[in-house]
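Please open the model in your viewer and keep the selection panel at hand. The tour moves from one selection to the next and says what is to be found at each stop.

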Amino acid sequence: MAYKIIASQCTVCGACEFECPNAAIKMKGDMYIIDAKKCTECEGAFDKPQCAEVCPVPKTCVPA
């Protein structure tokens with residue numbers, strides 16, 4: 001499975017992009033998206049998905 005960003009809640013702060021160990025998060029237009037093919041939910045690298053951990057808005061990075 002992968003994570004996704006709820007666009008209506010995202011503040012476009014960029015914190016998630018720099019924390020993703022798989023470079024799965026990129027800016028597309030004026031919002032961030034998570035490439036489901038690259039997202040591993042940080043398994044093997046961290047105990048919890050880093051996008052959700054660093055996001056300042058609760059429940060913006062969620063399981064897809």
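Throughout this tour, contact means heavy atoms within 4.5 Å. Residues are numbered from 1 along each chain as its sequence is written, and side-chain values use heavy atoms, with hydrogens and water left out. The model is a predicted one, in which local features need pLDDT of at least 70 and side-chain atom pairs count only at pLDDT 80 or more, while totals for chains, interfaces and linings use all residues.

Begin with the whole chain in cartoon view, where the protein shows two helices and four strands, in the order β-α-β-β-α-β from the N terminus on. The radius of gyration is 10 Å, close to the 11 Å of the globule rule for 64 residues, so the protein is as compact as a globular protein of that length. Here helices (H or I, at least four residues) and strands (E, at least two) are DSSP runs, numbered from the N terminus, while the radius is taken over C-alpha atoms and the rule is 2.2 Å times the number of residues to the power 0.38. Along the principal axes, the C-alpha atoms fill a box of roughly 30 × 20 × 20 Å.

Next, colour the residues by relative accessible area, with buried meaning under 20%, exposed over 50% and partly exposed in between (1.4 Å probe, protein chains only). Of the 64 residues, 28% count as buried. Among contacts between residues at least 6 apart in sequence, 61% join residues at least 24 apart.

Now select residues 25-28, strand β2, together with residues 31-34, strand β3. These strands pair in the antiparallel sense over four bridges, where pairing requires that DSSP find at least two bridges between two strands. Met27 has Tyr32 of β3 as its bridge partner, and Ile25 has Ile34 of β3. Two residues lie between the strands of this hairpin, in which Gly29 takes a positive phi near 65°.

Keep β3 selected and show its side chains. In a regular strand the side chains alternate between the two faces of the sheet. Which residues of β3 point to one face and are buried? They are Tyr32 and Ile34, whereas Met31 and Ile33 point to the other face and are not buried.

Two loop residues come next, each with a positive phi. Select Ala23, which sits in the loop between α1 (15-19) and β2; although Ala23 is not a glycine, its phi is about 50°, and with a relative accessible area of 35% it is partly exposed. Then move to Glu41, in the loop between β3 and α2 (50-54), where phi is near 60°, again positive in a residue other than glycine. Glu41 counts as partly exposed because its relative accessibility is 23%.

Finish at Ala64, in the segment after β4 (61-63). Is Ala64 buried or exposed? With a relative accessible area of 55%, Ala64 is exposed. Leaving aside its neighbours within four places in sequence, Ala64 is in contact with Met1, Ala2, Tyr3 and Lys4. A distance label drawn between the C-alpha atoms of Ala64 and Ile5 should read 8.6 Å, although these residues are 59 apart along the chain.
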